[in-house]
Amino acid sequence: MEVQTSRSKKKTSKRRNPKKKSANDAGSDENDSDDDIESVASSVDLTFNAIEDGLEYNENFEQKFLDSIEGAREKSAKVRQVSLMEIKNGLCQRYLYDFLLSRKDSLLDLVEKLLKKGQPEDCIISSDISSILCIQLGVADASHIFTTLKSIFINILGDESASPLVRASAASALGIVCFIGCEEPEDTVVCLNALKTSFMKKIPADTSHHVPIANSLLSWSLLLTVVPSSVVEENISSCISVMCRILELGDLNLRIAAGETLALIYELARDSNIRFQGPVPTLYSLLRDLANESGRHKGKREKKQQKASFRDFLKSIERGVNPTETINFGGEYLEMSSWIWVRRYNAFKDALGCGINIHLKYNSLLREIFDLGLPITNQIKLSKNEKYERQLINEACSKDRTLARGLKRDNKRSGLT
């Protein structure tokens, strides 16, 4: 940098003639000061260029998103799947309702085609995109997505030749899409039956096949939160034996999914005065064992997670203790005091990942589902763009101050102050 060069020259001249300083040397100091000022100005220019680059990056987001849609139509599997992931990440990390309104049909056609004829990776990402697209667009547009994709998801779910991860993603997507977009109770019952059929089958020894069972179980319990009590009773009254088998033979994630589902259906049963049929004492015994298990055949982390989860489930099932959990996002918070709200929140969190807080702040659908009211607009909040801008300006000011102090010290040492 110019500043460093000018300083090094000045220090060298001092060592050569430390006692006297001629007029020419003084003039050279003035020139050095001019160089320093030019250097400071250039650093500020660079800073504001960086700010403009940040602004341009955000302005180009929509164009990059459109390029990703085009890339998802490519024949190359690698290019296609990278583009699909970019679409998914963009939908998760931003609320794009207005932008998507004119492009929803293109995205839906793309997702439908890939679910029917794509590779397993295409199907998995496309299922995720369909869920997030419903979350972005809300009830009115999600109904068309549900009508278009319902039969495809049900067929994938029942296809034993499909990979476990493909069936698992289809189960999760069917739950979200039906929860948001289904308008007819009969269609919800069809989806409930398809999901129930999936988790009532024999538990495979291969734990990789436990993932679609767990996802089917969680989607089934999500849909139970929106159906009439008569449908709830029909679905849960004789499910205790199935849950006992899952708790005995499932891996950790499947057991936790079953425990959360049990806590939810007991909560629904208390609200509707539903009586369970089946080996209820056996169920209680299994839950107590899982909440206090201390065997050495499991890892310490797995046992800790299992105990913490099943103690909460057991308190709710035996004594009717509701969960209490608070989710903070920005300057707001969401208080959950029932398993219904916990199941809904976890479903949307699984779909959106780290973007859940963004959607809780701005997404009208989620704010309505969780009774958060209209998005808060009267508070002064810095966007990511503004934070980046402020950070660069602060860095430029700090650099200017450092350079100014350096110049002042050099002038004092040379006796020109």
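Rings of Phe, Tyr and Trp (its six-membered ring) form a pair if their centres lie within 6.5 Å; planes over 60 degrees apart count as edge-to-face. Keep that rule at hand, and remember that this is a predicted model.

**Exercise 1. Aromatic rings**

Task: Find which residues form one aromatic cluster with Trp-341 and Phe-370, and describe how these two rings pair.

Solution:
- Step 1. The cluster consists of Phe-179, Trp-341, Tyr-345, Phe-348 and Phe-370.
- Step 2. Count the pairs by the rule: there are 11 aromatic pairs.
- Step 3. As a warm-up, take Phe-199 and Trp-220, with 5.0 Å from centre to centre and 65 degrees between the planes, an edge-to-face pair. Phe-199 belongs to helix 10 and Trp-220 to helix 11, 21 residues apart.
- Step 4. Now turn to Trp-341 and Phe-370: their centres are 5.9 Å apart and their planes make 75 degrees, which is edge-to-face too.
- Step 5. Trp-341 sits in helix 17 and Phe-370 in the loop between helix 19 and helix 20, so this pair ties together parts 29 residues apart in sequence.

**Exercise 2. Buried or partly exposed?**

Task: Decide whether Trp-341 is buried or partly exposed, and do likewise for Phe-370.

Solution:
- Step 1. The cut-off for buried is under 20% relative accessible area.
- Step 2. Trp-341 has 21%, so this residue is partly exposed.
- Step 3. Phe-370 has 1%, so this residue is buried.

**Exercise 3. A hairpin**

Task: Work out how strand 1 and strand 2 run, and which side chains of strand 2 are buried.

Solution:
- Step 1. Strand 1 (residues 325-329) and strand 2 run antiparallel, joined by 5 bridges.
- Step 2. Together they make a hairpin with 2 residues between the strands, and Gly-330 in the turn has a positive phi of about 65 degrees.
- Step 3. In a regular strand, side chains alternate between the two faces of the sheet.
- Step 4. Strand 2 (residues 332-336) shows this alternation: Glu-332, Leu-334 and Met-336 point to one face and are buried, whereas Tyr-333 and Glu-335 point to the other and are not.
- Step 5. Look across from Leu-334 and you will find Ile-327 opposite.

**Exercise 4. A helix**

Task: Find how many residues of helix 7 are buried, and compare the reach of this helix with the expected one.

Solution:
- Step 1. Helix 7 covers residues 120-137, 18 residues in total.
- Step 2. From first C-alpha to last it reaches 26 Å, close to the 26 Å expected at 1.5 Å a residue.
- Step 3. Of its 18 residues, 14 are buried, so helix 7 is mostly covered.
- Step 4. Just after helix 7 comes Gly-138, with a positive phi near 90 degrees.

Methods:
Residues are numbered from 1 along each chain as its sequence is written. This is a predicted model: local features need pLDDT of at least 70, side-chain atom pairs count only at pLDDT 80 or more; totals for chains, interfaces and linings use all residues. Side-chain values use heavy atoms; hydrogens and water are left out. Helices (H or I, at least four residues) and strands (E, at least two) are DSSP runs, numbered from the N terminus. The expected span of a helix is 1.5 Å times one less than its number of residues. Buried means under 20% relative accessible area, exposed over 50%, partly exposed in between (1.4 Å probe, protein chains only). Two strands pair if DSSP finds at least two bridges between them. Rings of Phe, Tyr and Trp (its six-membered ring) pair if their centres lie within 6.5 Å; planes under 30 degrees apart count as stacked, over 60 as edge-to-face and the rest as tilted.
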